[in-house]
Amino acid sequence: MSERQVETREDWPPNIQAVFKRMAPASRYLGLEILEADKTARTVKVAFNASDELCNMWGGIQGGMVAAMLDDVMSLAVGLDLEWGQISPTLELKVSMLNAARPGRIIGTGHVIKRGKSVGFIEGELTDEESGKLIATGSSTATFVTLKKKAPAADVQT
């Protein structure tokens, strides 16, 4: 991600801003780049700059890595209207592999199907940017959790 993107996206929701502040190591490994986020429509568009390190011995991106990409894009979509201090852990994930994924730029889109008070239902897809082929689709269920701040450690007197 470039500094320019961070500066021009100050109005993005907290979950997207958090990615710019400190991207998760797994997302960085997958090559995540946020392209678009629409809080009102609850949709996101991202790119994964997939390296050879994600491949199996036959040169295709390993299926678990494809699933992780879908999990990332769907998590970003469902988290668009969370507040600072809230997270949306995945409860269930289903992935359908439709075509082999190869190293290069993969476009991911995610959108919220339904969001309730405690769970959300999301769909996503991955497409090879060069060929336009649909690589995989997925659906997931996420829950919403508010993280509690840790109390400061008390001074220990001896």
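Here is a walk through the strands, salt bridges and one surface patch of this structure, which is a predicted model.

Let's start with the sheet. Six strands line up in the order β1-β2-β5-β6-β7-β4, forming an open sheet with antiparallel pairing. Because β1 and β4 (90-97) stand at the edges with a single partner strand each, one side of each has no neighbour in the sheet. If you look from strand to strand, neighbours in this sheet are turned by 20° against each other on average, direction ignored.

Now zoom in on the β1 edge. Strand β1 pairs with β2 (residues 43-50) in the antiparallel sense, over 6 bridges. For one of the bridge partners, take aspartate 38, which is matched with threonine 43 in β2.

Stay on β1, which covers residues 32-38, and find glutamate 33. Is this glutamate buried or exposed? Its relative accessible area is 16%, and the cut-off for buried is under 20%, so glutamate 33 counts as buried. What does its side chain touch? One answer is the side chain of asparagine 49, in a polar contact at 3.3 Å. Another is arginine 105: the two side chains meet in a salt bridge, 2.9 Å from N to O. That salt bridge links distant parts of the chain, with arginine 105 in strand β5 (residues 104-115) and glutamate 33 in strand β1, 72 residues apart.

Arginine 105 deserves a closer look. With a relative accessible area of 26%, arginine 105 is partly exposed, whereas glutamate 33 is buried. Arginine 105 also forms a salt bridge with glutamate 129, and here the closest N and O atoms are 3.2 Å apart. This pair, too, links distant parts of the chain: arginine 105 sits in β5, while glutamate 129 is in the loop between β6 (119-128) and β7 (134-143), 24 residues away. Glutamate 129 is partly exposed, at 43% relative accessibility. Put the shared partners together and you get one network of salt bridges joining Glu33, Arg105 and Glu129.

How many salt bridges are there in total? The count comes to 4. Among them is the one between aspartate 81 and arginine 115, whose closest N and O atoms are 3.0 Å apart. Aspartate 81 lies in the loop between α4 (63-78) and β3 (86-87), and arginine 115 belongs to strand β5, so this salt bridge ties together parts that are 34 residues apart in sequence. Arginine 115 counts as partly exposed, with 26% relative accessibility.

Let's finish on the surface. Which residues make the nonpolar patch there? Ile87, Val145 and Leu147 do, and the patch has an area of about 220 Å². Leucine 147 is found in the segment after β8 (145-146). Why can leucine 147 be part of a surface patch? Its relative accessible area is 48%, which makes it partly exposed, and patch residues need over 30%.

How values were computed:
Residues are numbered from 1 along each chain as its sequence is written. This is a predicted model: local features need pLDDT of at least 70, side-chain atom pairs count only at pLDDT 80 or more; totals for chains, interfaces and linings use all residues. Side-chain values use heavy atoms; hydrogens and water are left out. Patches are made of residues with over 30% relative accessible area and no salt bridge: like charges are joined within 9 Å, nonpolar side chains (Val, Leu, Ile, Met, Phe, Trp, Tyr) within 5 Å. Accessible areas come from the Shrake-Rupley method with a 1.4 Å probe; for residues, only the protein chains shown count as cover. Helices (H or I, at least four residues) and strands (E, at least two) are DSSP runs, numbered from the N terminus. Buried means under 20% relative accessible area, exposed over 50%, partly exposed in between (1.4 Å probe, protein chains only). A polar contact is a pair of N or O atoms within 3.5 Å; within protein, one must be able to donate a hydrogen and the other to accept it, and residues adjacent in sequence count only if both atoms are side-chain atoms. Two strands pair if DSSP finds at least two bridges between them. Axes are lines fitted to C-alpha atoms, for helices over the stretch in contact, and angles run from 0 to 180 degrees between N-to-C directions.
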